[in-house]
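Thanks for coming, everyone. I have one structure to walk through today. Let me put it up.

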Amino acid sequence: MLTEASVNLLQSYQAGLTSYDEVLDTDGKLKPYWRALFATLEKLGITELKSRNQEIISKLRENGVTYNVYGSPDGMNRPWQLDPIPFLIEHREWDRISKGLQQRAHLLDLVLKDLYGPRNLVKDAVIPAELVFENTGFLRPCIDIKVPGPRQLTLFAADMARGPDGQMWVLDSRTQAPSGSGYTLENRIVMSKLLPELADGMYVSKLSPFFNSIQNTVLRLSDKSRDAPNIVYLTPGPGNEAYFEHAYLASYLGYTLAQGDDLLVRNGSVWLKSIDGLQKVDVIVRRVDDDWCDPLELREDSRLGVPGLLQAIRLGNVQVMNPPGSGVLENHAFLAFMENICQYFLGEKLLMPNVATWWCGHQKELAYVLDNIDELIIKKANRKSKFSSVYGRTLSNAKKAELIAMITQRPHDFIAQQEVSLSTTPSLIDGVIEPRYAALRAFLVADESGYHVMQGGLTRSSAVKDRFVISNQQGGFSKDTWIVSDKSDEPQERVVLNTPAAVNKHVSLPSRSAENLFWVGRYCERAMAVIKFMNITINVLNLDRNFGGSAKQEHIKVLLQSLTHVSSAYPGFLDGDEKLNDPYKEIIALISDNYRPGSIASNIGSFLNAVGAVRNQWELEIWRIVDLIDNGYHEIRNASHMNSTNIQRTLDGLFNNMFTFLGVIAESMPRDNSYLLLETGKLIERILSRVSVIQSNFGVGRSAAVENELIEATLINNHMLVNYRQIYKSHLSVEAMLDMILLETRLPYSLAYMLDELAKNLAALPTTTRGERLNEAEKLALKASTLIKLSNIQDLTRCNDSDERAELFSLLSEVARLISAVSIYLTNQYFSHTLIHHSFEPMDYDTDEV
């Protein structure tokens with residue numbers, strides 16, 4: 001039952017309308033579902049709506065939802081923007097829209113098959129030849145590229161807006177790698193958690209059947225003889241503006257996220273380079289644009305694609321959706337001919353009109369465009385041309401003459417579209433509900449019966465009043481799209497996923513992902529090791545003297561030099577007495593200098609990059625912790641403007657968040673190869689950092705007073721001070737400390753314990769060693785562990801005539817060398833991306849054993 005709205009918000013909004021708006025029907029009356037929404041907004045109140053909007057902003061940031069804008073001050077972490085007021089379309093109207101979308105998808109599929117086949121559209125003069133042969137989206141190497149089944153255009157998206165006649169008009173088509181469906185899903189999840197009451201009095205259709213349909217379609221494309229097909233979601237990588245969506249959908253759909261370098265073509269098939277060896281790929285869902293897919297046959301400068309991919313598709317050994325070459329349909333000029341194309345192929349009218357479009361390659365249309373340029377929007381016919389849309393009415397006489405000369409010189413390069421007043425929709429702008437122009441992107445996937453339309457879509461609104469600027473690149477913001485009805489009248493369709501009879505529970509881990517996970521562990525532990533020891537050192541400095549004074553006490557000098565060794569930020573405190581006398585400046589640089597290798601900022605920046613590169617691995621709880629680490633990262637980069645108390649507070653927060661990151665992983669991450677590599681990287685770094693501290697602090701014998709200070713600092717660094725005091729009370733000795741730190745197998749930060757854990761992880765990783773019980777990495781770890789466990793503590797603590805603990809230093813140096821060699825072995829064994837590309841033709845032997 002729809003409730004009546006109070007008048008305040010609604011009347012205030014209506015009073016500000018200057019054009020046709022979504023809340024009104026063609027008779028100017030309020031649509032009932034918008035009335036219901038405003039009733040809920042009225043009960044909620046504008047203050048609470050603003051508060052919820054802030055929660056949405058925070059939630060999107062916590063969840064790591066980004067849309068990267070090149071050249072933006074936010075760099076590669078620009079937060080996704082979501083308006084709390086949804087975009088509503090009544091279910092019966094959406095049914096009509098869906099029929100128009102399905103007709104258009106079917107029509108474009110016919111066009112695609114014709115352009116790469118008989119090209120009857122050109123032969124019969126339905127479209128001009130220039131739309132094909134001068135279209136950079138038409139790729140001649142793709143003429144014989146096909147996927148099995150009746151439809152080549154598997155995924156399709158259309159941008160729509162409501163025209164002056166009250167009907168939805170198609171503005172644009174996306175056919176090569178449509179983006180936005182992942183953001184649509186995330187919008188719905190966030191809205192359902194933070195503003196669920198907005199749906200009071202209405203039923204909102206679900207999005208999940210669309211994604212189920214994608215999974216079914218992918219399974220049909222795969223080799224039916226295989227119960228568990230290997231499906232790869234191909235992304236350009238973390239530098240792409242929509243990388244969040246790529247990782248998000250790969251995880252949601254259960255596919256392996258991979259970049260071009262993770263794949264190779266060998267013997268006519270596509271293989272995934274994983275740490276288990278080469279894994280044959282059955283289906284690729286691509287998000288790499290057409291001409292970047294295969295550097296052998298398309299753009300030779302591409303590092304995003306897979307050399308030989310087109311030949312593997314021709315041989316039928318891999319299926320790609322959408323197949324390369326489908327971007328030909330994105331030429332803007334096709335809109336001018338869609339009505340004729342529809343009559344030619346289907347013998348019927350378009351159910352959903354386009355924005356009126358003129359291609360300037362025809363003399364009559366050119367004359368019309370030049371005579372009416374003040375009323376038109378001028379665009380390049382080819383989408384890939386770097387040419388921004390030009391509104392004729394905004395041009396000066398000189399600029400207009402310049403544009404006319406440009407069009408006249410190459411008329412077939414240009415189209416013109418009617419500048420019409422599209423509808424506005426309610427949006428929350430600076431705490432006020434205002435009308436803004438909006439467009440809706442609808443998504444379709446080919447299924448067994450035709451095309452399945454998502455019951456929703458990605459609505460984008462203009463951040464600028466009275467301007468149709470909806471692109472996310474230009475600051476537009478998104479809206480959740482609700483297809484609404486009365487629940488009792490519109491039962492939800494059920495979609496059953498056709499799962500294979502047997503499910504392969506083993507997930508291939510690409511070599512690139514494996515490497516990033518390994519370095520997530522290493523950079524996390526490396527940053528924590530430097531933070532931990534730096535805090536210990538700062539505490540000692542604070543206890544003994546104020547910053548800026550004279551560092552006269554020997555243990556302070558040793559700790560500062562140990563800090564340099566732990567961070568490897570040389571020369572640091574090894575560079576004379578000037579920095580030792582005034583250590584604060586060097587400490588600040590070691591914290592905040594993002595461009596200095598070994599600094600905390602540099603290590604955390606590298607950690608965040610590695611985490612982002614494998615973001616499909618993380619649960620939301622982990623990603624929220626990463627967001628807190630990212631906040632701390634931005635704070636420490638301004639450490640020069642902070643006092644020592646604030647610096648330590650920020651460092652403590654960073655350390656605790658990174659410790660929590662490792663803890664949540666330990667509690668939640670499956671014990672698969674991903675976990676093993678991350679843990680292995682962490683242990684390698686932890687061992688090396690603790691060895692460095694012990695060597696630096698105790699490689700040379702010093703007075704008892706100095707060594708007592710160093711013993712306490714070292715025990716704190718290894719999380720052992722409480723345990724030590726329980727056993728030895730207040731007695732401090734190098735011998736007892738080394739015995740605990742080196743040999744106590746029950747303490748997680750002892751070398752013996754860490755080396756044993758490292759050996760367990762190495763043994764559990766995949767191996768190609770034949771006829772040997774241990775691979776080289778296991779042998780190295782075993783040797784290091786044996787050296788530690790066979791050591792004699794009394795011998796290690798003994799000083800020679802030069803007050804050097806030569807045996808201790810030599811032992812730890814050998815352990816560090818062995819553990820560093822383990823890292824080199826893992827890199828060579830699992831992280832190589834340079835496998836040689838062999839012949840693309842099938843061989844006469846079984847390729848499954850390659």
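R119 counts as partly exposed, because its relative accessibility is 21% and the cut-off for buried is under 20%. This is a predicted model, by the way. R119 sits in the loop between α4 and α5, the latter spanning 120–123. Its phi is near 55°. That is a positive value, and the residue is not a glycine.

There is another residue to set beside that one. K729 also shows a positive phi of about 55°, and again it is not a glycine. Look for K729 in the loop between α23 (721–728) and α24 (734–743). Buried or exposed, which is K729? Exposed: its relative accessible area is 58%, and the exposed class begins over 50%.

Staying with backbone geometry, on to the cis peptides. Which bond is cis, with omega near -15°? The one from M321 to N322. N322 lies in the loop between β11 (319–321) and α11 (338–346). A cis peptide bond also joins Y570 and P571, with omega about 0°. P571 belongs to the loop between α15 (554–567) and α16 (578–581).

Back to α4 for a moment. This helix covers residues 91–115, and D109 is part of it. How accessible is D109? Its relative accessibility is 1%, so it counts as buried. What does D109 touch, leaving out residues up to four places away in sequence? The list is P150, R151, Q152, L153 and Y451.

Next helix: α8, residues 208–221, which holds L219. L219 has a relative accessible area of 23%, so it is partly exposed. Now pair it with D282. Those two residues are 63 apart in sequence. In space their C-alpha atoms are 9.5 Å apart.

Then there is α14, residues 511–544. It has 34 residues. From first C-alpha to last, α14 reaches 49 Å. That is close to the 50 Å expected at 1.5 Å a residue. Where does this helix lie relative to everything else? Of its 34 residues, 27 are buried, so α14 is largely enclosed by the rest of the structure. A general reminder for anyone looking at helix faces: an α-helix has 3.6 residues a turn, so residues three or four places apart point the same way.

Now strands. Start with a hairpin. β8 and β9 form it, with 2 residues between them. β8 runs over residues 269–274 and β9 over residues 277–280. They are antiparallel, joined by 4 bridges. Which residue stands opposite L272? Q279, in β9.

The next piece is an open sheet of 4 strands. The order is β12-β15-β13-β14, and the pairing is antiparallel. Which strands are at the edges? β12 (357–359) and β14 (390–391), each of which pairs on one side only. Take β13 and β15 inside that order. β13 covers residues 376–380, β15 covers residues 414–418, and 5 bridges pair them in the antiparallel sense. Within that pairing, I378 stands opposite A416 in β15. A helix packs on this sheet too: α12, residues 363–371. α12 touches β12, β13 and β15. Its direction makes about 120° with that of β12.

Let me zoom out to the whole chain. How many helices and strands are there? The protein chain has 28 helices and 20 strands. Its radius of gyration is 32 Å, close to the 29 Å that the globule rule gives for 850 residues, so the chain is as compact as a globular protein of that length. The C-alpha atoms fill a box of roughly 100 × 75 × 60 Å along the principal axes.

Burial and surface next. Of the 850 residues, 57% count as buried. The chain exposes about 35600 Å². Carbon and sulfur atoms supply 49% of that area.

One last number, on contacts. Take contacts between residues at least 6 apart in sequence. Of these, 72% join residues at least 24 apart.

To recap the local oddities: R119 and K729 for positive phi, and M321 to N322 plus Y570 to P571 for cis bonds. Over to you for discussion.

Definitions and conventions:
Residues are numbered from 1 along each chain as its sequence is written. This is a predicted model: local features need pLDDT of at least 70, side-chain atom pairs count only at pLDDT 80 or more; totals for chains, interfaces and linings use all residues. Side-chain values use heavy atoms; hydrogens and water are left out. Two strands pair if DSSP finds at least two bridges between them. Contact means heavy atoms within 4.5 Å. Axes are lines fitted to C-alpha atoms, for helices over the stretch in contact, and angles run from 0 to 180 degrees between N-to-C directions. The radius of gyration is taken over C-alpha atoms; the globule rule is 2.2 Å times the number of residues to the power 0.38. Buried means under 20% relative accessible area, exposed over 50%, partly exposed in between (1.4 Å probe, protein chains only). Accessible areas come from the Shrake-Rupley method with a 1.4 Å probe; for residues, only the protein chains shown count as cover. The expected span of a helix is 1.5 Å times one less than its number of residues.
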